[in-house]
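Got your viewer open? Here is a walk through the model, one selection at a time.

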2 protein chains.
Amino acid sequence: MYICPMYSSELIKGTLRTIVLNLLKENGRMYGYEITQRVKELTDDKIQITEGALYPLLHALEASEDLETEVEFIGKRQRKYYRLTKQGKQTSKKKIDELREFMETLHILLDANKGTSHGLIN
Amino acid sequence: MYICPMYSSELIKGTLRTIVLNLLKENGRMYGYEITQRVKELTDDKIQITEGALYPLLHALEASEDLETEVEFIGKRQRKYYRLTKQGKQTSKKKIDELREFMETLHILLDANKGTSHGLIN
DNA sequence: CATCAATACATAAGTTTCTTATGTATATTT
DNA sequence: AAATATACATAAGAAACTTATGTATTGATG
């Protein structure tokens with residue numbers, strides 16, 4: 001059990017989109033900053049989404065019509081809420097299933113050749 | 001249960017290095033083409049490593065001294081075998097642990113808010 | 001009350017890591 | 001003989017991040 005800060009390195013690549021879609025699926029609607037904080041807190045600081053990654057992604061998902069937005073003002077400060085469109089819900093499901101299956105496949109790969117009694121080499 | 005060919009899309013990004021290091025850890029030594037075929041067969045064609053991704057990666061891992069090579073000839077055809085160096089074994093372990101932990105974290109994220117009895121929104 | 005941290009958005013340049021395309025050559029199958 | 005499989009390699013391009021930077025409001029703190 002080591003304490004290291006842990007920046008989940010290059011592994012986020014390819015999974016960020018799915019993480020965001022999943023969060024929106026579970027939470028109905030969220031704004032950008034909220035997403036970064038929620039992920040940080042849910043993962044115990046292990047995954048910290050950078051703004052440079054998140055905002056362009058949200059814009060792209062809006063452009064592809066998977067997300068729709070509504071802007072609200074808290075005092076003078078703006079919040080842009082995102083929610084899944086009907087299409088976005090399908091995309092979300094597809095992406096989440098795909099990620100789950102990919103992780104299963106990875107487990108198969110990582111556990112291959114385990115316990116075949118030729119661990120002499122290591 | 002759908003039959004689709006399945007190219008694991010952009011998800012491989014960031015995991016390929018770890019997959020290769022793990023295979024070499026389990027198998028002692030392998031050559032490039034063998035790695036592509038083994039992954040293909042272990043994952044039931046779900047992950048197909050492209051040569052354009054693999055060979056540059058192997059070269060990089062050799063340059064960083066995580067891998068060492070020996071060339072053999074089968075008839076006139078050359079095979080370049082790769083194996084983990086001592087350093088490579090450490091790198092391998094680190095990367096594999098990191099990937100396992102990352103996948104655990106992903107599961108936490110994907111399962112967050114499940115069963116909190118407010119699934120009315122979807 | 002001034003300053004710093006937190007909240008909230010955004011974009012641009014640069015890097016990493018893949019895909020796609022291409023090339024060379026030997027060996028096997030039809 | 002031609003197509004497929006084996007076996008290596010590299011280059012151009014795309015995707016998806018990081019790092020850096022910018023603007024502005026709000027809350028906390030000495």
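A polar contact here is a pair of N or O atoms within 3.5 Å. Keep that cut-off handy, and remember that what you're looking at is a predicted model.

**Stop 1: DNA strand C**

Select B:Arg77 together with DNA strand C. A polar side-chain atom of B:Arg77 sits 2.5 Å from a base oxygen of that strand, and the pair counts as a polar contact because the cut-off is 3.5 Å. Now add B:Lys13: one of its polar side-chain atoms is 3.3 Å from a base oxygen of DNA strand C. For a look at the backbone of the DNA, pick A:Lys80, where a polar side-chain atom lies 3.0 Å from a phosphate oxygen of DNA strand C.

Next, widen the selection to everything around DNA strand C. You should get 26 residues, of which A:Tyr33, A:Arg77, A:Arg79, B:Thr50 and B:Arg77 come nearest. Sugar and phosphate make up 67% of the atoms of DNA strand C that come within 4 Å of the protein.

Which secondary-structure elements should you colour for this surface? In chain A, take helix 2 (32-42), helix 3 and strand 3 (77-84); in chain B, take helix 1 and helix 3; each of these supplies at least two residues. Helix 3 of chain A gives the most, with 5 residues. If you colour the surface near DNA strand C by class, you'll find 8 nonpolar, 9 polar and 9 charged residues.

**Stop 2: DNA strand D**

Swap over to DNA strand D and start with B:Arg79. A polar side-chain atom of B:Arg79 is 2.7 Å from a phosphate oxygen of this strand. Then show B:Tyr31, whose side chain has an N or O atom 2.7 Å from a phosphate oxygen of DNA strand D. For B:Gly32, turn on the backbone: a polar backbone atom there is 3.4 Å from a phosphate oxygen of DNA strand D.

Zoom out to the 26 residues around DNA strand D, and label A:Thr50, A:Arg77, B:Tyr33, B:Arg77 and B:Arg79, which come nearest. Of the DNA strand D atoms within 4 Å of the protein, 67% belong to sugar or phosphate and the rest to bases.

The elements to highlight here are helix 1 (16-27) and helix 3 (51-63) of chain A, plus helix 2, helix 3 (51-63) and strand 3 (77-84) of chain B, each with at least two residues in the surface near DNA strand D. Helix 3 of chain B has the largest share, at 5 residues. By class, this surface holds 8 nonpolar, 9 polar and 9 charged residues.

**Stop 3: the strands of chain B**

Hide the DNA and switch to cartoon. In chain B, strand 2 (residues 67-74) pairs with strand 3 in the antiparallel sense over 8 bridges. To check the register, select B:Leu67 and its bridge partner B:Leu84 in strand 3. The hairpin of these two strands has 2 residues between them, and B:Gly75 takes a positive phi near 65° there.

Strand 3 of chain B also pairs with strand 1 (residues 29-31), again antiparallel, over 3 bridges. Here the residue in strand 3 to pick opposite B:Met30 is B:Tyr82, its bridge partner.

**Stop 4: the hairpin of chain A**

Jump across to chain A. Its strand 2 (residues 67-74) and strand 3 pair in the antiparallel sense over 8 bridges, and A:Glu68 stands opposite A:Arg83 in strand 3. The hairpin has 2 residues between the strands, with A:Gly75 at a positive phi near 65°.

**Stop 5: where the chains meet**

Last selection: the interface of the two protein chains. You'll find 42 residues of chain B in contact with 42 residues of chain A. The buried area is about 4300 Å², with carbon and sulfur atoms giving 62%. Put B:Leu11, B:Leu109 and B:Leu110 in spheres: they supply 16% of the area that chain B buries against chain A, more than any other three residues.

How many salt bridges are there between chain B and chain A? The count is 4. One to show is A:Lys95 with B:Glu10, where the closest N and O atoms are 3.3 Å apart. There are also 6 residue pairs in polar contact across this interface.

On the chain B side, colour helix 1 (16-27), helix 2 (32-42) and helix 4 (86-111), each of which supplies at least two residues that touch chain A. Helix 4 of chain B provides the largest share, 15 residues. By class, this side has 17 nonpolar, 12 polar and 13 charged residues.

Methods: Residues numbered from 1 in each chain as written. Chains lettered and ligands numbered in written order. Predicted model: local features only at pLDDT ≥ 70, side-chain atom pairs only at ≥ 80, totals over all residues. Heavy atoms only, no water. Contact = heavy atoms within 4.5 Å. Buried area = accessible area lost by both parts, 1.4 Å probe. Salt bridge = Lys/Arg side-chain N within 4 Å of Asp/Glu carboxyl O. Polar contact = N/O pair within 3.5 Å; in protein donor to acceptor, adjacent residues only side chain to side chain. Helix = DSSP H or I, 4+ residues; strand = E, 2+ residues; numbered from the N terminus. Nonpolar A, V, L, I, M, F, W, Y, C, P; charged D, E, K, R; others polar. Near = heavy atom within 4 Å. Pairing = 2+ DSSP bridges.
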